[in-house]
Structure formats: C-alpha cells, structure tokens
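Hi everyone, thanks for making time this morning. I'd like to walk you through one structure, so please have a look at the screen.

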Amino acid sequence: MKVLARIILHQLIFAVWLLAMWVLYCTPACTHPIEHLIAVPFAVLIPTAVIMCRLATSPRFMRWLDE
C-alpha cells in the first residue's frame, strides 16, 4: 500500500507540474517565461512538501498506508 500511495502522489505532483507549465506557457497572460520557469518549482514543490509533511505525521494516513 505504501508503494501505491507513493506512485499516486508522484503522479499527482507531475499532473500539477504539467498544469502549471500549461498555464504559464499556453495562456496569453505569460510575458516572462524564463522568470516563470524559475518560479514554478517553488510555487509547486514547496506547497507539495508541506502537504506531504502533514500527511506523514497524520495517524489516520499512516493507518491507511498500513492497510
């Protein structure tokens, strides 16, 4: 179950990354793609890391992984 949860989380992170890249490069609002390319990892990965830390300390989530 831990492996499955890890795979699902990796896929979700990748999906959010693709969505962020699509928004930054395929919408007319983007005027500075290089700055956005530098900012995207911080905008996506830092909140993801915070969520993962909260999940890792949650007893309910740990019980779900053990099932």
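**Starting from one isoleucine**

Let's begin with I8, which is partly exposed, because its relative accessible area is 39% and partly exposed covers the range between under 20% for buried and over 50% for exposed. I8 sits in helix α1. Please keep in mind that this is a predicted model.

Now, which residues join I8 in a nonpolar surface patch? The partners are M1, L4, L12 and W64, and together with I8 they make a patch of about 470 Å². Helix α1 gives the largest share of that patch, three residues.

Let me step back to the whole chain for a moment. The protein has 67 residues, and buried ones make up 15% of them. There are three helices and zero strands, so if you read along the sequence you get the pattern α-α-α. The accessible surface comes to about 5,500 Å², and carbon and sulfur atoms account for 74% of that.

On to the largest pocket. Its volume is about 190 Å³. Which elements give two or more residues to its lining? They are α1 (2–25), α2 (33–56) and α3 (59–66). Once again α1 is worth your attention, as the largest share of the pocket lining, five residues, comes from that helix.

If you want to find the lining on your own screen, pick out K2, A5, R6, L9 and H10, then M52, L55 and A56, and finally F61, M62 and L65. And what is the chemical make-up of that lining? Eight of the residues are nonpolar, one is polar and two are charged.

So, to leave you with one helix: α1 holds I8, gives the largest share of the nonpolar patch, and gives the largest share of the lining of the largest pocket. Thanks for listening!

Technical notes. Residues are numbered from 1 along each chain as its sequence is written. This is a predicted model: local features need pLDDT of at least 70, side-chain atom pairs count only at pLDDT 80 or more; totals for chains, interfaces and linings use all residues. Side-chain values use heavy atoms; hydrogens and water are left out. On a 1 Å grid over the protein atoms alone, a cavity is a set of points where a 1.4 Å probe fits but cannot get out, and a pocket is an open set with protein on both sides within 12 Å along at least five of seven lines; lining residues have an atom within 4 Å of a point. Grid points are joined across faces, edges and corners, and a volume is the space filled by probe spheres set on the points. Helices (H or I, at least four residues) and strands (E, at least two) are DSSP runs, numbered from the N terminus. Ala, Val, Leu, Ile, Met, Phe, Trp, Tyr, Cys and Pro count as nonpolar, Asp, Glu, Lys and Arg as charged, and the others, Gly among them, as polar. Buried means under 20% relative accessible area, exposed over 50%, partly exposed in between (1.4 Å probe, protein chains only). Accessible areas come from the Shrake-Rupley method with a 1.4 Å probe; for residues, only the protein chains shown count as cover. Patches are made of residues with over 30% relative accessible area and no salt bridge: like charges are joined within 9 Å, nonpolar side chains (Val, Leu, Ile, Met, Phe, Trp, Tyr) within 5 Å. A salt bridge is a side-chain nitrogen of Lys or Arg within 4 Å of a carboxyl oxygen of Asp or Glu.
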